[in-house]
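Me: Please take a close look at the salt bridges in this model. Then work outward to the strands and loops that carry them.

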Amino acid sequence: ENIISVAVTAEHGESKEYTVYVKRLFDEHKIISAQGGTVDGDTVDFGSVSSDTDIFVPIFNVSVGASYKIYSDEQMQNETEQIKLVSGKNTAYIKVTAENGEYGVYKITVTRRERLKPVMSSRGSGVYLPQKGLIELTSEADNARIYYTTDGTAPTEESRLYTSPIDFDKDMTLTAIAVSEGYDTSVAQVFTYKTCQPFENVHVS
């Protein structure tokens with residue numbers, strides 16, 4: 001805001017001074033930064049979020065004097081403060097308006113990762129005779145890595161990596177997860193196995 005003093009003199013010589021307040025309207029309508037996101041031209045990408053995230057609230061820092069509104073549709077009919085997420089890429093739009101009324105529109109993208117499905121076993125939980133290489137583990141995801149434990153503890157990526165069928169010669173609680181780039185780790189799947197010994201010297205009369 002600028003202050004200007006103006007003196008006005010009449011024909012008969014009387015003079016009066018006036019104070020004029022002049023405000024310069026900013027004409028920039030840019031996104032300076034986006035919390036957790038990357039601004040590239042007219043697109044703001046927030047990368048990926050967990051498969052458990054249903055609502056995403058974007059936060060922006062815009063040009064001095066500018067304001068912004070977020071819309072869920074490209075026609076900018078449905079104003080919103082948060083983005084309801086579905087699996088995969090989600091899109092919204094932000095309109096940044098300068099003080100002088102000029103505006104710019106940016107596209108917002110945020111990807112909700114999918115969670116891998118639980119690991120599958122060639123044998124479900126149950127009672128079996130001890131065997132070598134009895135249990136085979138698989139995942140529906142291509143290139144997924146499977147990690148497992150056999151003592152009932154929760155597996156992590158530091159646990160044993162599954163590379164070949166698992167020998168089964170005693171009672172065992174097998175817990176497994178699937179891991180793959182770009183996906184959330186699967187929920188741990190638990191299989192409980194009990195062993196039994198074959199009957200010997202059984203005579204039927």
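Reply: One cut-off comes first. A residue is called buried under 20% relative accessible area and exposed over 50%; anything in between is partly exposed. The model is predicted.

Start with Asp 54. Its relative accessibility is 46%, so Asp 54 counts as partly exposed. Its salt-bridge partner is Arg 112, and the closest N and O atoms are 3.4 Å apart. Asp 54 sits in the loop between strand 5 (43–49) and strand 6, while Arg 112 belongs to strand 12 (residues 103–112), so this pair ties together parts that are 58 residues apart in sequence. Arg 112 has a relative accessible area of 15%, and therefore counts as buried. A partly exposed acid thus meets a buried base.

Now Asp 184. This residue forms a salt bridge with Arg 113, with 2.6 Å between the closest N and O atoms. The link again spans distant parts of the chain: Asp 184 is in the loop between strand 20 and strand 21 (189–195), Arg 113 is in the loop between strand 12 and strand 13 (120–121), and 71 residues separate them. Here the acid is the buried partner: Asp 184 has a relative accessible area of 8%. Arg 113, at 22%, is partly exposed. The side chains of Asp 184 and Arg 113 are also joined by a polar contact of 2.6 Å.

What else does Asp 184 touch, leaving aside its neighbours within four places in sequence? Its contacts are Ser 50, Ser 51, Arg 113, Glu 114, Arg 115 and Leu 116.

A further pair is out in the open. Glu 140 bridges to Lys 117, with the closest N and O atoms 3.4 Å apart. Glu 140 lies in the loop between strand 16 (137–138) and strand 17, and Lys 117 in the loop between strand 12 and strand 13, so the salt bridge ties together parts that are 23 residues apart in sequence. Glu 140 is exposed, because its relative accessible area is 52%. Lys 117 is exposed as well, at 53%. Elsewhere, shared partners join Asp 52, Arg 113, Arg 115 and Asp 184 into one network of salt bridges. The count of salt bridges comes to six.

Next, the strands around these pairs. Strand 12, which carries Arg 112, runs antiparallel to strand 11 (residues 88–97), and ten bridges join the two. Within that pairing, Ile 94 has Tyr 106 of strand 12 as its bridge partner. Five residues lie between the strands of this hairpin, and one of the residues in it, Gly 101, takes a positive phi near 95°. Strand 11 also pairs with strand 8, antiparallel, through five bridges. There Ile 94 stands opposite Ile 70.

Strand 17 follows the Glu 140 loop. It pairs with strand 20 (residues 172–179) in the antiparallel sense, over five bridges. Arg 145 stands opposite Val 179 in strand 20. Strands 17 and 20 belong to an open sheet of five strands, ordered 14-21-20-17-18, with mixed pairing. Strand 14 (126–128) and strand 18 (160–161) are the edges; each has a single partner strand, so one side of each is left without a neighbour in the sheet.

Two loop residues deserve a look at their backbone. Most residues other than glycine have a negative phi. Asn 143 departs from that sign: its phi is near 65°. Asn 143 is in the loop between strand 16 and strand 17, and it counts as exposed because its relative accessibility is 71%. Met 76 also has a positive phi, about 55°, although it is not a glycine. Its place is the loop between strand 8 (67–71) and strand 9 (79–80). Met 76 is partly exposed, with a relative accessible area of 22%.

Finally, back to strand 6, which bounds the Asp 54 loop. Ile 55, Val 57, Ile 59 and Tyr 68 form a nonpolar surface patch, with about 310 Å² of accessible area together. Ile 59 is in the loop between strand 6 (55–56) and strand 7 (60–62). Ile 59 counts as partly exposed, because its relative accessibility is 40%.

Definitions and conventions: Residues are numbered from 1 along each chain as its sequence is written. This is a predicted model: local features need pLDDT of at least 70, side-chain atom pairs count only at pLDDT 80 or more; totals for chains, interfaces and linings use all residues. Side-chain values use heavy atoms; hydrogens and water are left out. Patches are made of residues with over 30% relative accessible area and no salt bridge: like charges are joined within 9 Å, nonpolar side chains (Val, Leu, Ile, Met, Phe, Trp, Tyr) within 5 Å. Accessible areas come from the Shrake-Rupley method with a 1.4 Å probe; for residues, only the protein chains shown count as cover. A salt bridge is a side-chain nitrogen of Lys or Arg within 4 Å of a carboxyl oxygen of Asp or Glu. Helices (H or I, at least four residues) and strands (E, at least two) are DSSP runs, numbered from the N terminus. Buried means under 20% relative accessible area, exposed over 50%, partly exposed in between (1.4 Å probe, protein chains only). Two strands pair if DSSP finds at least two bridges between them. A polar contact is a pair of N or O atoms within 3.5 Å; within protein, one must be able to donate a hydrogen and the other to accept it, and residues adjacent in sequence count only if both atoms are side-chain atoms. Contact means heavy atoms within 4.5 Å.
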